[in-house]
Amino acid sequence: MQLRLSDVSDLAFAQSLENGQFRLRVGEITIRLETRSEALRAGLRQVYSHYPVSVSGGFYDFDLGVHPASLLRRWFRRNVVFSLSGQAPFLPMAAANAHALFEWGFNWTIGSSIHQYLVLHSAVVEKNDKAVMLAAASGSGKSTLTAELVLNGWRLFSDELGLVGGTTNDEIQPLHLMPFPRPVSLKNQSIDLIKQRHPEACFGPSAFDTQKGTVAHMRAPDDSVARALEPAPPTLIIFPKWTAGAPLRVQPVGAGDAAMRLINQSFNYSVLGSIGFNRLADLVSAAPAWELEYSFFDDALEAFDDLLADID
Amino acid sequence: MKKSPSPLLAFLLNPANVEDLDEEGWSLLLAEARVCGVMSRLASLLMTSDAKFLVSPRKVSPLVAIQIARHMQVALMQADSLTHAVQQELTFLDGALADLGTPVLLLKGAAYAAAGLPAARGRIFSDIDLLVMRSFIPHAEAALMLGGWAVAKQDAYDQRYYREWAHEIPPMTHLQRGTTVDLHHSLAMPTGRVHIASDLMVAEAVALPGSGHWYRLKDEDMVLHAASHLLLNSEFDRGLRDLWDIDLLVRHFAASEPDFVHRVLVRAEQVGLGQIVRNAFSLCHAAFCTPLPPEALAGKGLVLCLLKSAATTRHPETRPRTQGVADQILFLREMALRLPMHLLVQHLWHKTTVGLSRKKEVPV
């Protein structure tokens, strides 16, 4: 796919989304997306303009849809529902929030399907061919820190899905983290915080009153999207925690402890069986883990650079 | 929505039919398999365990072939992982039920797996179905509770539905592992209008080989149970898979017992499933070209037409246009078959007023 979404006319874009010919590629994954939602179309224009697309069909890994929940809801409640291969596993959301629904549905699809990777609920960024995994529960400021790192020159792999592939010492498939660069999901005060610190950052539409409050997606950097097929070896695991007013604290985490914490954040550890166990063991052996508590971004960024510099 | 011919149905009639699919055709085949819950079984027929295509996609680019192979390998791995989990769970269950003093039957997926039948290959299922005689239900439930399984919290109505009317007690979930067991005392709802000689079938169960204390229905009854499950339940999202089970069971048993189908038909009359098994066989023959003699194919009636629309591919691009309507009618028919009129009215009234939705918020 040589075509970028920014090269596609509004008419061709809308038509291909309606007639099932639209394809969007993120890294190794191609989706077919079908929708008539104007809100989703607008959101995609804002945060996916630099992604490879097709408006004339072709192979797809997953067929996603965002459609009116029912005839009645199309006109009265104005709700839309997410579907994978025609099945709608989740409750409808307000039509205006179609883009957020698409992002979450897409994440769920990947997390529950691509078992060629051990999929961890974590962000991944890269610098100098060293990938750093940010693993933390929701609400710890993981995505905000990811946005901050990415806006300071780190390459975005993902703010949500850490894809661990390969095996240590395997020459063809060495242990690696695979990029899956998508818009970074920010919520509530984080949105304004990042907008203030980085006026140049581009955002998609804000979704109000979701179960997470207000959510907005920040466009992934051009370079991260262009290099989406370049994996990197895992080098560090960070468990970040933002605490108001706390002094910077960097503390090592043992490999066993790190592994146990990562299992709790995994989408498919149990599906992978012994492969999952071995890959997780490889990961925590290859990448030392640290707990990082901070209240100022600049402290955290400096700590990231220091920890990475120590690896050599 | 524009309709396309179904690559999945073409594959089921003859696997060689998919060799000429283009890239979109393969994508649609995978999507259909996903929505019908047969991805792993499809993978086991498309690919060897060392990742070689048995039926190769020759009209797609090498990159797309790799991507298809990856989906198949993942599906095979999921099947392996499930097989392992089922074996482990059966060991735990066997330990918990060892002193029960009555035969415990495995039904459906767990039975296929424990008996090593071809129908087990790539069959994805979430619950293990067990059956004991009704008088042993309290003992079995107590033994399972000691082993860590517990009936999930339910409202009083659902408890009563299961305890008074149903052929099983409410699902029991293991508190640590989260695995679920459905404990049955009959093969069909005792309140049902179709009377099945469940006790007769249970009485002739056969012991399963291996270290456990498990039993399963005898060969003919396995087919009959699968047929009754397909025709008397409204789980159409797995209809095609259930139909495929019947095809695989019949082909497997008939290979070593030449008069197997005839024996199934005789047995069906004995236990009250004569018409049901003929309807199931008709559907099976239409979808899989299952080798069946003409007398086995005398399916008839409106229900057969409705099931042709329901127990088939369920992808929006390939499913029959009548599927939505057929689903609704079959759902009402199932309720009507399960419960006599006074209970049916009561049940529908309750479910309408409390709502049936089980969907979750999208995970964020």
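The exercises below, each with a worked solution, concern a predicted model with chains A and B.

**Exercise 1.** Decide how the compactness of chain A compares with that of a globular protein of its length.

*Solution.* Begin with the secondary structure of chain A, which consists of eleven helices and 17 strands. Next, set its radius of gyration, 19 Å, beside the 20 Å that the globule rule gives for 312 residues; the two values are close, so chain A is as compact as a globular protein of that length. Then add the extent of the C-alpha trace, which spans about 55 × 45 × 35 Å along its principal axes. Finally, note that 47% of the residues in chain A are buried.

**Exercise 2.** Identify the edge strands of the seven-stranded open sheet in chain B, and follow one of them to its partner.

*Solution.* Write down the strand order, β3-β4-β5-β2-β1-β7-β6 (chain B), in which the pairing is mixed. The edge strands are β3(B), residues 149–151, and β6(B), residues 206–207, since each pairs on one side only. From β6(B), two bridges lead to the antiparallel strand β7(B), residues 214–216, where B:Tyr215 stands opposite B:Ala207.

**Exercise 3.** Describe the side of chain B that touches chain A, by element and by residue class.

*Solution.* Count first: the contact takes 25 residues from chain B and 23 residues from chain A. Then assign elements: α2 (23–36) and α4 (62–97) of chain B each supply at least two residues of this side, and α4(B) gives the largest share, nine residues. Lastly, sort the chain B residues by class, which yields ten nonpolar, seven polar and eight charged.

Methods: Residues are numbered from 1 along each chain as its sequence is written. Chains are lettered from A and ligands numbered from 1 in the order in which they are written. This is a predicted model: local features need pLDDT of at least 70, side-chain atom pairs count only at pLDDT 80 or more; totals for chains, interfaces and linings use all residues. Two residues are in contact if their C-beta atoms, placed from the backbone, lie within 7 Å. Helices (H or I, at least four residues) and strands (E, at least two) are DSSP runs, numbered from the N terminus. Ala, Val, Leu, Ile, Met, Phe, Trp, Tyr, Cys and Pro count as nonpolar, Asp, Glu, Lys and Arg as charged, and the others, Gly among them, as polar. The radius of gyration is taken over C-alpha atoms; the globule rule is 2.2 Å times the number of residues to the power 0.38. A residue is buried if 20 or more other C-beta atoms lie within 10 Å of its own, exposed if 12 or fewer, and partly exposed in between; C-beta atoms are placed from the backbone. Two strands pair if DSSP finds at least two bridges between them.
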